[in-house]
Amino acid sequence: MELQKTDAESNGGLSDEEYEPFRHRRVKKPNSTNGTIIHMLKGSLGTGILAMPSAFRNGGLVFGVIGTTVVGLIYAHCVYLLVSTSQKSCKRTRVPVLGFSETAQSVFRHGPAPTQRFANAAKAYIDYSLLIVSFFSVCVYLLFIATTLRDVINNELGIDWDTRIYILLTAVPLIFVTQVRDLRYLVPFSALANTLILVTFGITLYYIFREPIDLSNRELFPEITALPSFFGTVVYAVEGIGVVLPVENKMKHPQHFLACPGVVSIVLSFITVLYNVTGFFGYARYGPGTRASVTLNLPSEEKLAVSTQLLAALAILFTLGIYYYVPMDILWRKVKHYFPAERHSIAQIGIRFGILVAMTGLALGVPELEPFIGLVGSICSATLGLLTPIVLDTVFRWSTPGAFGVFRWRLVKNVILMAFGLFILVVGTYFSIKDIVEIYG
């Protein structure tokens, strides 16, 4: 969607203050507030919750709760910044809705003079960042499935196949899954995947709580060197910024999104509590041996546990089609003009297959789930989920007198939050790469 410039005449001469974007929205089959809450939960819940015990292993029980709560609050604030900036940009440019990349373009285009020339670059940056995040997530899911199959099949058959073999085996069905281009055929599988994830999560909690939990010999606070891995994993687990504006733009009552209580406060409060419970008790149960996904800690000699591991892998396999659809839709809109119309089908097949080969190659190069999750969280989630909303809010307010409040406290707050995001980005990326080098060096 290209950003359209409109003037006051097209809206009856309304001023910025008088124009209300919500009144001009025309959405077919808008989502109710409760439906939006469900969509937001689906956007934030996924394999990340299964990695929370691993995060607490790095963060310790006490600091894990504090750190996860702080990350949840910061992410909730960043979601608020992004949505409020988008809504104010709609009001300023007199358009009813703006997507993520269109919001960035609008903010820079109407921001301070030095930023205006970067408007198109800001839009492209968001689009390509979403592509990278989505494709890296495909890598994480590919590794999750392969690692699960390795543990189950090697244990059941008494063999010792390397994870890379299972990565290649997993890539075979993905050749067909990733070629599906019609969303109608993917939605039922996504719904089934959500059900399987809930079942998996329920059975995992059963194993965590079925015996008394002993908190002795559990770390309460982290080592300094483990902090980046902790924050990277938590940010990866919590962040779902890519779905925020698409969901808000399709609401019947968008004013409920940022209300108090509203969609953001309800969803992220629930997720923060759920992730704390899962991380705390998962690590308390399995201790130093807690693995990248807590399902991998389930007893391999029990059929229910093995079935749960396979259900989790199957759920992720069903989800991959949907995750592949979004970045491919963005990418295809950017490159389709390079191909003649009669070659579009062949071009799509080739591009989809080529990207899958590249992602499989990346997974083969780093077939360890835990450092890869930390790397994706540090690079992708910190950049899009934390830094970008802060930058957009700062640029939007820069030229407006008094927009930063008394003593420019909002600017000070944004600088502090930006420092936190840069810490995760730089230090988290460094230690994740260091962990990978140590494993394979």
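Here are some exercises with worked solutions on a predicted model.

**Exercise 1: the overall fold**

Work out which secondary structure elements the chain has and how its radius of gyration relates to the globule rule.

*Solution.* Start with the elements: there are 17 helices and 0 strands in the chain. Next, take the radius of gyration, which is 22 Å. The globule rule gives 22 Å for 441 residues, so the chain is as compact as a globular protein of that length. To round off the picture, lay the C-alpha trace along its principal axes, where the spans are about 75 × 60 × 45 Å.

**Exercise 2: inside and outside**

Find what share of the residues is buried, what supplies the exposed area, and how much of the contact set comes from residues 24 or more positions apart.

*Solution.* Begin with burial, for which the cut-off is under 20% relative accessible area. By that test, 53% of the 441 residues count as buried. Now turn to the surface: the chain exposes about 20100 Å², and 66% of that area comes from carbon and sulfur atoms. Finally, consider contacts with a separation of 6 or more: 82% of them are between residues 24 or more positions apart.

**Exercise 3: a nonpolar patch**

Identify the residues that make the nonpolar surface patch of about 410 Å², then place valine 70 in its helix and classify its exposure.

*Solution.* First, list the members: Val62, Ile66, Val70, Leu220 and Phe221 make the patch. Second, locate valine 70, which belongs to helix H5, covering residues 61–93. Third, check its relative accessibility of 36%. Partly exposed residues fall between the 20% and 50% cut-offs, so valine 70 counts as partly exposed.

**Exercise 4: backbone details in two loops**

Locate the cis peptide bond at proline 261, and compare phi and exposure for phenylalanine 407 and arginine 408.

*Solution.* Take the cis bond to begin with: cysteine 260 and proline 261 are joined by it, with omega at about 0°. Proline 261 sits in the loop between helix H12 (244–248) and helix H13 (263–286).

Now move to the loop between helix H16 (369–398) and helix H17 (409–440), where phenylalanine 407 lies. Phenylalanine 407 has a positive phi, near 55°, though it is not a glycine. Arginine 408 is found in the loop between H16 and H17, and its phi is also positive, at about 55°, again in a residue that is not a glycine.

The last step is exposure. Phenylalanine 407 has a relative accessible area of 79%, so it is exposed. Arginine 408, at 41%, is partly exposed.

Methods:
Residues numbered from 1 in each chain as written. Predicted model: local features only at pLDDT ≥ 70, side-chain atom pairs only at ≥ 80, totals over all residues. Heavy atoms only, no water. Patch = residues over 30% accessible without salt bridge, like charges linked within 9 Å, V, L, I, M, F, W, Y side chains within 5 Å. Areas by Shrake-Rupley, 256 points an atom, 1.4 Å probe, with all protein chains shown as cover. Salt bridge = Lys/Arg side-chain N within 4 Å of Asp/Glu carboxyl O. Helix = DSSP H or I, 4+ residues; strand = E, 2+ residues; numbered from the N terminus. Buried < 20%, exposed > 50% of the residue type's maximum accessible area, 1.4 Å probe, protein only. Rg over C-alpha atoms; globule rule 2.2 N^0.38 Å. Contact = heavy atoms within 4.5 Å.
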